[in-house]
Amino acid sequence: MTDWVTVMTFTYPHEVALIQGYLEAEGVTCFVRDQMTVQINNLYSNAVGGIRLQVPAPEVEHALEVLRDGGFLTPVPSAAAVDQTEGVGLCPVCMSDNISPRRLSAAPFAAAYLFGIPLILPWHSRRRHCFECGADFRTKKAAK
């Protein structure tokens, strides 16, 4: 019996259909796990860990190579590339520019207001959140 290895996960069924068709056209055997569960109710996707695209263990390297060549997987950045992106506005994990300042929690401000405690508000946060890979990171202070 062959072991199946998950190469990608998806939130919605239509996303996996595109990649599955691409891999099968390249001769890679695929199996989609939990697709029918998520089709019943899309909110189940997070509960079951998403829709998993699996390939047999001996074909994993070939499948990942096909996905990289097709542009479905991005290469992992080197340490030098990560150092160059510090403070530029790119995620150091996935090199995406789809980042935003991290929201501050409202709980301390609400408690301070409720109890009448004066609180100095932080005007600038260097924490950022990447919407592509979900990483949270800090940017360096700008050089003066």
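**Group meeting talk: a sheet, a helix and a pocket**

Let me begin with the open sheet, in which three strands stand in the order 4-5-6 with antiparallel pairing, where two strands count as a pair if DSSP finds at least two bridges between them, and where helices (H or I, at least four residues) and strands (E, at least two) are DSSP runs numbered from the N terminus. The edges are formed by strand 4 (99–101) and strand 6 (136–138), each of which pairs on one side only. On average, neighbouring strands of this sheet are turned by 35° against each other, direction ignored, the axes being lines fitted to C-alpha atoms, for helices over the stretch in contact, with angles that run from 0 to 180 degrees between N-to-C directions.

Before I go further, please keep in mind that this is a predicted model, in which local features need pLDDT of at least 70 and side-chain atom pairs count only at pLDDT 80 or more, while totals for chains, interfaces and linings use all residues. Residues are numbered from 1 along each chain as its sequence is written, and side-chain values use heavy atoms, with hydrogens and water left out.

Which residues are bridge partners between strand 4 and strand 5? These two strands, the latter covering residues 127–130, pair in the antiparallel sense over three bridges; among the partners, Pro101 is matched with Arg128 of strand 5, and Ile99 with Cys130. On the other side, three bridges join strand 5 to strand 6, again antiparallel, and His129 has Asp136 as its bridge partner in strand 6. The hairpin of strand 5 and strand 6 has five residues between the strands, and there Gly134 takes a positive phi near 85°.

Strand 5 also holds Arg127, which counts as partly exposed because its relative accessibility is 36%, given that buried means under 20% relative accessible area, exposed over 50%, and partly exposed in between (1.4 Å probe, protein chains only). Arg127 and Phe137 are ten residues apart in sequence, and their C-alpha atoms are 5.7 Å apart in space.

Stepping back to the whole protein, we find six helices and six strands, which follow the pattern β-α-β-α-α-β-α-α-β-α-β-β along the sequence, and 28% of the 144 residues count as buried.

Helix 4 (residues 60–69) has Val60, Ala63, Leu64, Val66 and Leu67 as buried residues. Seen down the axis of helix 4, these buried residues fall within an arc of 160°, so they line one face of the helix, the arc being that of the directions from the helix axis to the C-beta atoms. The face turned away from this buried side carries the exposed residues Glu61 and Asp69.

One loop residue deserves a mention: Asp34, between strand 2 (31–33) and helix 2 (35–40), has a positive phi of about 70° although it is not a glycine. As background, most residues other than glycine have a negative phi.

Finally, which residues line the largest pocket? They are Gly71, Phe72, Leu73, Thr74, Cys94, Phe131, Glu132 and Cys133. On a 1 Å grid over the protein atoms alone, a pocket is an open set of points where a 1.4 Å probe fits, with protein on both sides within 12 Å along at least five of seven lines, and lining residues have an atom within 4 Å of a point.
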